[in-house]
Amino acid sequence: MIKVFHALAAAAAAAAIATAGMCGTALAGADPGAGPAVGAARAAADDYPPKVTVMGEGELLVTPDIMRLNAGVEVRTDTPGQAFSQARQAAARLTRALLDAGIALKDLRTTELSLAPVYDDYPKIAGYRAAQGVEVVVRDLDNADKAVDTVVSVGPEARLNGVSFELSDNNAALRAARDLAFADAKARAQQYARLAGGTLGDVLTIREQDVTPPRPIMFAAAGVADRSSISPGQQNVSVHVQVVYSMMV
């Protein structure tokens with residue numbers, strides 16, 4: 001029985017070797033260029049029709065139409081109660097003055113309410129400081145100077161902490177920048193298609209990139225005080241768009 005088993009095993013091994021040899025012969029006889037040719041045909045199909053990929057840029061300058069004035073009042077006295085009471089009274093005068101100057105109540109927002117000791121030589125308390133801040137939204141820039149002067153007229157407690165300017169409608173500026181960016185992309189694509197001896201086809205993909213919306217312009221309090229007239233300046237708005245077109249040759 002042992003001899004029979006070894007004979008069967010030897011026969012099986014011989015058959016395996018023969019089978020491997022036949023497979024090797026079949027592979028060797030195959031066309032070695034068949035694989036790459038199929039890949040090349042697939043790549044050619046993927047690249048048809050030809051495409052033109054361009055980046056378009058749309059940029060414009062816009063003038064802000066809103067001013068945010070950061071103002072408030074500050075009082076320093078010997079006692080905390082006195083400081084807080086006087087600061088609240090000064091803040092009430094400031095609010096009334098701004099309302100009388102034409103600022104709507106909805107455009108006034110309290111931004112600070114504080115009370116703290118003042119030290120000359122810690123921990124010795126020299127007095128107390130109380131403050132109340134307000135953000136004033138000026139929607140008509142022709143009244144910007146008037147709003148600043150109104151704050152100053154409240155008295156020695158008045159404080160100016162700076163201004164910022166912004167657009168009331170950022171979306172309108174961004175839409176205009178997108179129009180410019182897409183027109184720029186189309187003009188570039190048409191030029192490249194013509195240089196390549198073809199004509200521009202349909203839009204295949206659009207991808208918006210690198211959007212720069214209008215950002216508030218900040219000015220310090222010293223800059224506000226030194227200006228005889230408040231100027232909002234201009235802000236840059238830009239949009240970049242990648243567009244892929246088909247090209248007919």
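**Strand pairing and helix packing in the predicted model**

Strands E1 and E8 (residues 235–248) are paired in the antiparallel sense, with twelve bridges between them. The structure described here is a predicted model. Two of the pairs along this ladder can be picked out by eye: Gly-58 has Val-239 in E8 as its bridge partner, and Lys-51 is bridged to Ser-246 of E8.

This pairing belongs to an open sheet of three strands, ordered E1-E8-E6 and paired in antiparallel fashion. Strand E1 (51–62) and strand E6 (199–212) form the edges, each pairing on one side only. From one strand to the next, the twist averages 20°. Helix H5 (residues 170–195) packs on the sheet and touches E1, E6 and E8. The direction of H5 makes about 145° with that of E1.

The side chains of E1 are worth following one by one. In a regular strand, side chains alternate between the two faces of the sheet. Strand E1 shows such an alternation: Val-52, Val-54, Gly-56, Gly-58, Leu-60 and Val-62 point to one face and are buried. Lys-51, Thr-53, Met-55, Glu-57, Glu-59 and Leu-61 point to the other face and are not buried. The two bridged residues named above thus fall on opposite sides of this pattern, with Gly-58 among the buried set and Lys-51 among those that are not.

A further antiparallel pairing links strand E2 (residues 66–77) to E5 through eight bridges. Within it, Asn-70 stands opposite Gly-162 of E5. Strand E5 (residues 158–166) is largely enclosed by the rest of the structure, because seven of its nine residues are buried.

Attention can now turn to a pair of helices. Two packed helices are described by the angle between their axes and the distance between the axes. For helix H3 (residues 80–100) and helix H4 (residues 144–152), the axes come within 9 Å and cross at roughly 155°. An angle over 145 degrees counts as roughly antiparallel, and H3 and H4 are therefore roughly antiparallel to each other. The crossing of H3 past H4 is right-handed. On the H3 side, the contact is made by Leu-94, Ala-97 and Leu-98, which meet Ala-147, Thr-150 and Val-151 in H4. By class, this contact comprises five nonpolar residues and one polar residue, with no charged residues.

Methods. Residues are numbered from 1 along each chain as its sequence is written. This is a predicted model: local features need pLDDT of at least 70, side-chain atom pairs count only at pLDDT 80 or more; totals for chains, interfaces and linings use all residues. Side-chain values use heavy atoms; hydrogens and water are left out. Axes are lines fitted to C-alpha atoms, for helices over the stretch in contact, and angles run from 0 to 180 degrees between N-to-C directions. Helices (H or I, at least four residues) and strands (E, at least two) are DSSP runs, numbered from the N terminus. Angles under 35 degrees count as roughly parallel, over 145 as roughly antiparallel, 65 to 115 as roughly perpendicular and the rest as oblique. A crossing is left-handed if the near helix is turned anticlockwise from the far one by less than a right angle, and right-handed if clockwise. Contact means heavy atoms within 4.5 Å. Ala, Val, Leu, Ile, Met, Phe, Trp, Tyr, Cys and Pro count as nonpolar, Asp, Glu, Lys and Arg as charged, and the others, Gly among them, as polar. Buried means under 20% relative accessible area, exposed over 50%, partly exposed in between (1.4 Å probe, protein chains only). Two strands pair if DSSP finds at least two bridges between them.
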